[in-house]
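Hello,

Here is the structure I promised to pass on to you. Have a look at it first, and then read on for my notes on what turned up in it.

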Amino acid sequence: MTHLRRPMQISRHHSWMALLISLVLIVLPACMGDDEVDRASTVDSSAIPTAIPATAMTTSTMVTSTVTPTTTSASPSMTSASATPGRPVPTMPPLSQVPTATPTARPAANRTPGTSGAPLPIPIGQEEDLPDVELTYAIDAQLRDFDSGIVDALSVTTVTNQGSTPLDRLFFRIAPAHFNEFSLNDLTRDGVGIETIASDNGTTLEVILDPPLAPAATTELRFDFVVPLRDTGDGFASIGRDGAVLRLGVWYPMISNDDGYPPLLDPPYTLTAHYEVRFTAPSDVVVAASGELAGPPATRGDDVTYTFALANGRDFALMLSREYEIDERTTASGIVVRQYTLASGYGISDETRTQIRDRAFDVAERALAEFADNIGPYPWPSLSLVEAGPGLGGGIEYTALTIISYDSGALENLVAHEIAHMWFYAAIGTRTQDDPWIDEGAATFLGNGISGGSYAASSDRGEINYVAPLDSSIFDLTGFNGGEWVAAVYTQGGSFFADAYVTMGEDAFWTAMAALYTTQVFEIATPWEVLTALQSYSGVDLSPVFERYFTYPWLDAVE
């Protein structure tokens, strides 16, 4: 058994970030506009069941000793007392049965990238460095019991090489090692133990493919692992216990690159994939999940097993609590919005709690409608708004699910911001470590547009003297204090998008956003692709706007 544990000092970045983002959300515009837009029905959400209480499986005690990550060779002999021999391998449902939306966009405007209409050459540094593969994750997990918070899991990652050259290695992000312990019992490739190298305090696992995976070939990697969900003292932890809530954010081995786990809030840099997740927990536990129930829950004794399916997911999250109350409503466009709030929350009256949920739903409906109309359809049948526990001072986005603080003083802005991430981060992916401005800036811009009633509200036209250029990476900003980091990424990023919106004009800007969605949905959008999309559909030269915010050496090549 290999144990990967992060040093305690890694969590220091999050303590001040929780406070700072709470303060930022409070001062951002929170008033709702009265205007509404037409809702186009883009998703068939008929017969979508609601996730309800789940169940637990009892296994033997997990070994808790910790070792320093080293080069290891995984083999069947690594299986420990906490493994579950003979557990059936999950199987994926036919993808035709997994609900998803077909991306569409507005008609093309009068310009295309490059003067000749041909694609412009990609500048150095704007390449995507994820493997060109098709992915499925089939995960079978079980919560032993709520009080221990220990989850035993088997994740079968099926990888098909879509590139033109063989793959000799893959990098997996092991996020639980950043937040808490992670125990890898066994790792095999097509049934045979393989060599791995753990680095970055155990958060990166390099998997050696020997023989290499040939083009068009498929291989299966099987991870048997244990994740204990404990209170980390970090309100922004994606994985752990927060009061009455157990969080399973980016909790399983996830294909990424070798940059290391981000030292600040952004999630790992990932591909989209197709998911089937079977989760078993005690029957008194309510389960909120990224996907849809793929069949009726199976009850066995005091346990219930749910099978969830998710198409084109950037990740798959689960949130668990005995105290969740579920409020489900359907928007005019057919999207099911589920709210999971804590029965003991707030210390306020039921009437006030109902009013808070009503406010959250109203903002969610407006945001889902406007973003779909302006950018492209929301790609999943449902969206879950989940109360995260008392430690969270803001929100964290996952595919089709976001956790939020329901007692936020700027609830409308928080809900709108996190829903905006369903477009920028979940549908349109980004290189989260290198380009945090794309998803956080876009979410700030879009969230302020909903809660402030004007998409121009974020713009200071670059007049604020920010402490770092907008093209700074997360690693460039790790030495900055919380206020500087938030201003440099969130505030300055929102200002950039609003500045482009004002300069281009509303119609041209949204046409560019819709074109970006059409070409990049379920892909990764780089700064080059974002800026060329904006310029391509702009009737005016945007170089003065770009130069206010960025220091990219290739700016003069944008057409």
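In strand β14, E276 is the bridge partner of A138. This pairing belongs to a set of seven bridges that join β3 to β14 (residues 273-282), and the two strands run parallel. Please keep in mind as you read that this is a predicted model.

Strand β3 covers residues 133-143, and ten of its eleven residues are buried. It also pairs with β4, this time in the antiparallel sense, over eleven bridges. β3 and β4 form a hairpin with six residues between them. If you look into that turn you will find G149, which has a positive phi of about 70°.

A good residue to click on next is S155, which sits in strand β4. Which residue stands opposite S155 on the pairing strand? That is I139. S155 has a relative accessibility of 0%, so it counts as buried, the cut-off being under 20%. Leaving aside neighbours within four places in sequence, S155 is in contact with Y137, A138 and I139, and also with L221, R222, F223 and F225.

For a contrast, move along to S164, in the loop between β4 (150-161) and β5 (167-173). Is S164 buried or exposed? Its relative accessible area is 69%, and because the limit for exposed is over 50%, S164 counts as exposed. The C-alpha atoms of S164 and P215 are 5.5 Å apart in space, although the two residues are 51 apart in sequence.

Another residue to look at is T196, in strand β8 (residues 195-199). With 1% relative accessibility, T196 counts as buried. From T196 to F171 the C-alpha distance is 9.6 Å, with their positions 25 residues apart in sequence.

Now for the charged pairs. How many salt bridges does a search of the whole structure find? The number is 18. I picked out three of them for you.

One is between D284 and R322, whose closest N and O atoms are 3.4 Å apart. D284 lies in the loop between β14 and β15 (286-289), while R322 lies in the loop between β19 (318-321) and β20 (324-330), so the pair ties together parts that are 38 residues apart in sequence. D284 is partly exposed, at 41% relative accessibility. R322 is partly exposed as well, at 39%.

Another joins the side chains of D327 and R357, at 4.0 Å from N to O. This pair links distant parts of the chain, with D327 in strand β20 and R357 in helix α3 (residues 350-374), 30 residues apart. Both D327 and R357 are buried. They also take part in a network of salt bridges that links D327, R329, R357 and D358.

The remaining one of my three is formed by D499 and R461, with 2.5 Å from N to O. Why does this pair tie together separate parts of the sequence? D499 lies in helix α6 and R461 in the loop between α5 and α6, so the parts they join are 38 residues apart. D499 counts as buried, at 0% relative accessibility, whereas R461 counts as partly exposed, at 31%.

Finally, the interior. The largest nonpolar core has 134 residues, and those with the most contacts inside it are L318, F496 and L534. Apart from it lies another core of 16 residues, among them F236, V286, A317 and V386.

Which residues does F496 touch, if those up to four places away in sequence are not counted? They are W437, L470, L531, L534, V545, F546, Y549 and F550. Two of these names, L531 and L534, come back among the buried residues of helix α8.

Helix α8 (residues 527-536) is mostly covered, with nine of its ten residues buried. Besides the two just named, the buried ones are P527, W528, V530, T532, A533, Q535 and S536. What do the buried residues of α8 pack against? Their partners are α5 (436-452), α6 (482-504), α7 (506-520) and α9 (543-549).

I hope this helps you find your way around. Do write back if you would like to go through any of it together.

Best wishes

Definitions and conventions
Residues numbered from 1 in each chain as written. Predicted model: local features only at pLDDT ≥ 70, side-chain atom pairs only at ≥ 80, totals over all residues. Heavy atoms only, no water. Core = buried A, V, L, I, M, F, W, Y, C linked by side-chain atoms within 4.5 Å. Buried < 20%, exposed > 50% of the residue type's maximum accessible area, 1.4 Å probe, protein only. Contact = heavy atoms within 4.5 Å. Helix = DSSP H or I, 4+ residues; strand = E, 2+ residues; numbered from the N terminus. Pairing = 2+ DSSP bridges.
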